[in-house]
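Q: Hi! Could you walk me through this one while I have it open?

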Amino acid sequence: MSRLSIRKTYKLFIGGAFPRSESGRSYEVLDKEGNFIANPAMASRKDARDAVVAARAAFPGWSGATAFNRSQILYRVAELMESRRDEFIDEVSLCEAIGKGKAGKAVDAAIDRWVWYAGWSDKLGSILGATNPVAGPYYNFSIPEPVGVVALIAPQDSSLLGLIDLLGAALTTGNTVVVLANEMAPLPAITLSEVLATSDVPGGVVNMLTGRTKEVTPWLASHMDVDAINLAGVAAEDVKALAMEATDNLKRVITPKPRNWLKTPTLEAMTSLLEVKTVWHPIGV
Amino acid sequence: MSLFKYSPAPESRAVVNIASSYGLFIDGDFVEGTGTPFKTINPATEEVLSQIAEGSVADVDRAVKAARRAYVKVWSKMPAAERGKYLYRIARIMQERAREFAVLETLNNGKPIRESRDVDVPLAAAHFFYHAGWADKLEHAGVGNSPQPHGVVGQIIPWNFPLLMLSWKVAPALATGNTVVLKPAETTPLTALLFADVCRQAGLPPGVVNIVTGAGATGAALVSHPDINKIAFTGSTKVGKAIAREIAGTDKSVTLELGGKGANIVFDDAPIDETIEGIVNGIFFNQGHVCCAGSRLLVQESVHDEVLERLRKRMAQLRVGDPMDKNTDVGAINSAAQLGRITELAETGDGEGAQRWSAPCDLPAKGFWYPPTIFTGVTQAHRIAREEIFGPVLSVLTFRTPAEAIEKANNTPYGLSAGIWTDKGSRILWAASRLRAGVIWANTFNRFDPTSPFGGYKESGWGREGGRHGLAAYLKQGEQS
């Protein structure tokens, strides 16, 4: 007789801990034949707000870490993803209803994408910063800085690679993030949060919510302590209203664009989550 | 202490020739506007200077069409180096006519001639000169190998630095190959209209720059026009949010330079003479009509009394009055409406328990004036510590530890500017890295340069102006395949 497997409880990831939704709700995720896969937590407004609090608390530490340190931590995530590669392939294959071969390509690209972003953190300052030759006796320089707390509505057309493509951009630049995972294919994202929890990524730097995109996104779009929102996973007809919500505190809004996730991102993925700070000081004796 | 007695030293206004009325500058010509004309005045005397056309929705449409034609037929096809040469011409003409611009700016805005002559106009010309050189080097601007212009850009500028804000907007737009419809502020249209004459003298192709005067409704028509590809706005956070809402979910790009409540932090080891000058420059430059003004003074408790005593002494020396006098330090408030806003907000300072002190000065009987004023005993909850006054009013708060200074400095929805005064280099860099603001002035304040990016964090706006970063806002990356 075959052994009955131990199933995993798919929970939220907030402030480095794995709580269920405070609402007590969950929702059913099915495979393409309609078979039961899991009951992930259905995050509420309160969960979203808790996640923002955790992300804000983690911001000084993560943005203040050296770029080299962030780089090593992101590389560490790739290392741990590699060691759980088969698990990710199974989940991507199951959730996206694609073959193992295609899922394997996506998972490999996702791991390599972490490595790509890991290498960016200590290059951005040189690429995007400047010393500005002002017409006067002043030393003047500009440096990129993270925008702050980023809400990331993960894309619906890619459960892992699309998420990592956008999450890596936010993390390597020093932002902290609240992710709302792919609604119908959330398992790879939840497993990713387990990887993040054991990769030296400080608690609260990434917070992972699962649930209904239409329900949770407006709370993140209107939240006054969220500095930027990526609407990648939002339905086209909802983009305008959410972008309008986001103007209450002038969030930086990134609207969805069709993407081939296998393709290397442009620099804009990172610059859209950066501010530029310019510092002046007189020169004299 | 009383002021030294100076004889009046008025700048001559003979250099300017103000027409009795102005139309709209569309497609290379001045045309009649179809809105309701309005008067523009000298805020220092309330003298009517001219009558200005109001751009209607139809006028805005006409201007956008002219800009589109110029973009498609001329400006986007012109070799980049040639485009740059037009900008060099414009820069040179602005230098040649600098005195005319300075006098006209002071007459229409109320700022001291010393500032319009030494700051606004030279910087405006420098912005054109700087961006002229970018025109044929855009592939090095950091937005990929084949950066593209947006197309037609709608630009709305404020009344505090009318010509300078025009140049911050128009110069990068033209250098990158965009064409422009610009709306100057309602109360300060005259230097923009003189700039139209510079375009004529430079031989700039018709429609590349269009200037449509008017108030909020004209600006709204420009923002909502369907054939505008990018909006660039400088003004209040309130209007900036309205623009952001208007363009939400559209393909329009936008940059916003909005309000601020800049913290000017004075540590106990600050060089006192320079600090006092820096505080004065930070809040009384341009009557405090400066979005990046150092309007919150954060003084370390141990030096509070000394700093305040020196500051009051220095403020008593400020010469407030005729903006055309070359000795004047503080000129007129730009409008009756702005004077009303300053007066009302400052009164909440009295009401909420802060202590007011104003520099003793005789204010002219006509025109709009507000004396340089400080409030001490201000707490973070006071409206005068949270809201932008946009006038010569300084709110003074104290702190004990550097960490407290940073926390208080960052405790507003704004994030445009901040100042740091200390003799300790490591403390400057420590504070600069923790202040959530786009421009940090250490042991100086209110410095501007075309090569230096300017713009805010948080609710102070989106994007930068100036430098390579500002240029990039007028370009889009080539399509990603």
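Q: Let's start with the contact between the chains. How many residues does it take from chain A and from chain B?
A: Happy to help, and do keep in mind that this is a predicted model. Chain A gives 26 residues to the contact, and chain B gives 30 residues.

Q: Which elements of chain A supply at least two residues of the side that touches chain B?
A: Those are strand 4 (138-146), helix 9 (239-245) and strand 10 (274-282) of chain A. The largest share comes from strand 10 of chain A, with 8 residues.

Q: And what's that side of chain A like by class?
A: The side of chain A that touches chain B has 13 nonpolar residues, along with 8 polar and 5 charged ones.

Q: Back to strand 10 of chain A: which strand of chain B is it joined to by bridges?
A: To strand 18 (residues 439-442) of chain B, through 3 bridges, and the two run parallel. In strand 18 of chain B, Trp441(B) is the residue opposite Trp280(A).

Q: New topic, the helices. At what angle do helix 2 and helix 4 of chain A pack?
A: Helix 2 (residues 67-83) and helix 4 (residues 100-118) of chain A pack at about 170 degrees, and their axes are 8 Å apart. Because angles over 145 degrees count as roughly antiparallel, helix 2 of chain A is roughly antiparallel to helix 4 of chain A.

Q: Which residues meet there?
A: From helix 2 of chain A, they include Leu74(A), Val77(A), Met81(A) and Glu82(A), and helix 4 of chain A brings residues including Ile111(A), Trp114(A) and Tyr117(A). By class, the residues of this helix 2 and helix 4 contact in chain A are 10 nonpolar, 1 polar and 1 charged.

Notes:
Residues numbered from 1 in each chain as written. Chains lettered and ligands numbered in written order. Predicted model: local features only at pLDDT ≥ 70, side-chain atom pairs only at ≥ 80, totals over all residues. Contact = placed C-beta atoms within 7 Å. Helix = DSSP H or I, 4+ residues; strand = E, 2+ residues; numbered from the N terminus. Nonpolar A, V, L, I, M, F, W, Y, C, P; charged D, E, K, R; others polar. Pairing = 2+ DSSP bridges. Axes fitted to C-alpha atoms, helices over the stretch in contact; angles between N-to-C directions. Parallel < 35°, antiparallel > 145°, perpendicular 65-115°, else oblique.
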